[in-house]
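Visitor: Please take one stretch of this chain and examine it closely, then relate it to other parts of the fold. I should like the cut-offs behind each term to be stated as well.

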Amino acid sequence: MTPALDPTLLDRARGCAVGAAIGDALGMPLEFGPARPLDDLVREMVPGRLPAGTFTDDTEMALALAESLLHLRPLDPDDLARRFAAWAMADPPDIGIQTSRVLRRVARGEPWATVIAEEQRRHPDAAGNGSLMRCWPVALACWDRPDDLLRESARQSQVTHSHEDCLAACELANATIYYLLRGEAPGQALDSAAALVRLPEPFAQTIRAARSRRREELSNSGWVRHTLESAVWGLMTTDTFEDALVSVVNLGRDADTAGAVVGALAGAAYGYAAVPDRWKVALRGEWPLGSGAIWTTDDIAHLADRLVGSTSEGR
Ligand SMILES: [Mg+2]
């Protein structure tokens with residue numbers, strides 16, 4: 001086992017993992033809808049296509065990535081692709097278009113690298129948020145290894161989303177979590193991450209401007225630039241975990257995915273103790289898909305513990 005980890009770091013790591021799943025579940029009923037009026041924001045777990053509090057593909061793919069990281073280090077994209085493909089074949093109620101297109105072929109036995117190379121040729125501009133939404137387990141597993149952090153953040157993206165914006169978005173989000181876990185304040189953590197990760201222009205400009213955007217200016221679509229923009233805006237224009245998530249999921253559109261991303265960031269910023277109990281109690285989801293086993297907040301918190309301890313021998 002590792003030497004005793006700093007309890008504050010553990011609390012932030014649990015906050016990151018549980019926060020991502022809670023943002024996903026809170027956004028689930030708001031996905032595809034319009035932005036909610038400011039005087040009628042959703043602040044509770046309510047039912048949508050799934051029962052209230054249920055997490056979706058954003059969390060399921062993150063759990064698959066986490067289990068791959070716990071099984072094999074450094075991250076092995078072949079192992080990850082196998083796990084993603086097995087999940088996709090279990091008929092998830094929610095799956096992204098780009099993700100589904102790639103994983104169906106991987107499940108039929110085609111090497112992921114071949115599928116992705118072809119995907120890049122056919123859809124060179126495809127830059128969905130499907131790898132950003134699930135990237136946080138790398139930040140926890142690499143909490144003390146900044147070099148591996150960027151490489152593995154990009155690598156987990158490449159298995160389904162190889163556009164440079166997708167790789168850079170995962171690197172920036174995870175670098176931000178890295179600095180938040182160390183106790184930097186949100187604005188400082190974002191600046192530190194931006195100094196480490198060079199986003200392609202004009203994506204970089206979008207993210208620099210996100211802090212001063214007005215709510216009406218945000219599209220919150222499935223484009224990776226829009227999702228990271230919303231998440232940064234939510235983190236920077238609020239000062240509690242709850243308000244960060246409420247502000248972002250109520251943008252509608254790709255509410256669950258933006259919720260997952262801001263949840264990971266805000267959870268790392270404010271810690272597990274700052275996550276409202278009523279949301280912790282409501283969170284649930286089947287994992288692995290089709291197994292009948294139900295994961296709750298405690299299971300995800302325990303997974304975060306294992307991920308931050310996973311960098312030492314004998315885990
Ligand atoms: Mg989803």
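Guide: A35 is found in the loop that joins α1 (7–27) to α2 (57–71), where helices are DSSP runs of H or I with at least four residues, numbered from the N terminus. The model is a predicted one, in which local features need pLDDT of at least 70 and side-chain atom pairs count only at pLDDT 80 or more, while totals for chains, interfaces and linings use all residues. Residue numbers start from 1 along each chain as its sequence is written.

A35 is classed as partly exposed because it has 17 C-beta neighbours inside 10 Å; 20 or more such atoms, placed from the backbone, make a residue buried, 12 or fewer make it exposed, and counts in between make it partly exposed. Apart from neighbours within four places in sequence, A35 is in contact with N250, L251 and G252, contact meaning that the C-beta atoms, placed from the backbone, lie within 7 Å. From A35 to A85, 50 residues apart along the chain, the C-alpha separation is 33 Å.

A second alanine, A189, belongs to helix α9 (residues 186–196). A189 is buried, since 23 other C-beta atoms lie within 10 Å. Its contacts, not counting residues up to four places away in sequence, are T176, Y179, L180 and E184. Of these, Y179 is 10 residues from A189 along the chain, and their C-alpha atoms are 5.1 Å apart.

Y179 falls within helix α8 (residues 164–181). The axes of α7 and α8 come within 8 Å and cross at roughly 140 degrees; axes are lines fitted to C-alpha atoms over the stretch in contact, with angles from 0 to 180 degrees between N-to-C directions. The two helices, α7 and α8, are therefore oblique to each other, a label for angles outside the ranges under 35 degrees (roughly parallel), over 145 (roughly antiparallel) and 65 to 115 (roughly perpendicular). On the α7 side the contact is made by P146, L149, L150, S153, A154, Q156, S157 and Q158. On the α8 side C166, L167, C170, E171, N174, A175 and Y178 take part.

Helix α7 (146–158) also packs, together with α3 (77–89) and α4 (97–107), against the buried residues of α5. In α5 (residues 112–122), those buried residues are W112, V115, I116 and E119. Viewed down the axis of α5, they fall within an arc of 95 degrees and so line one face of the helix, the arc being that of the directions from the axis to the C-beta atoms. T114, A117 and R121 are exposed on the face of α5 turned away from its buried side.

Key:
Two residues are in contact if their C-beta atoms, placed from the backbone, lie within 7 Å.
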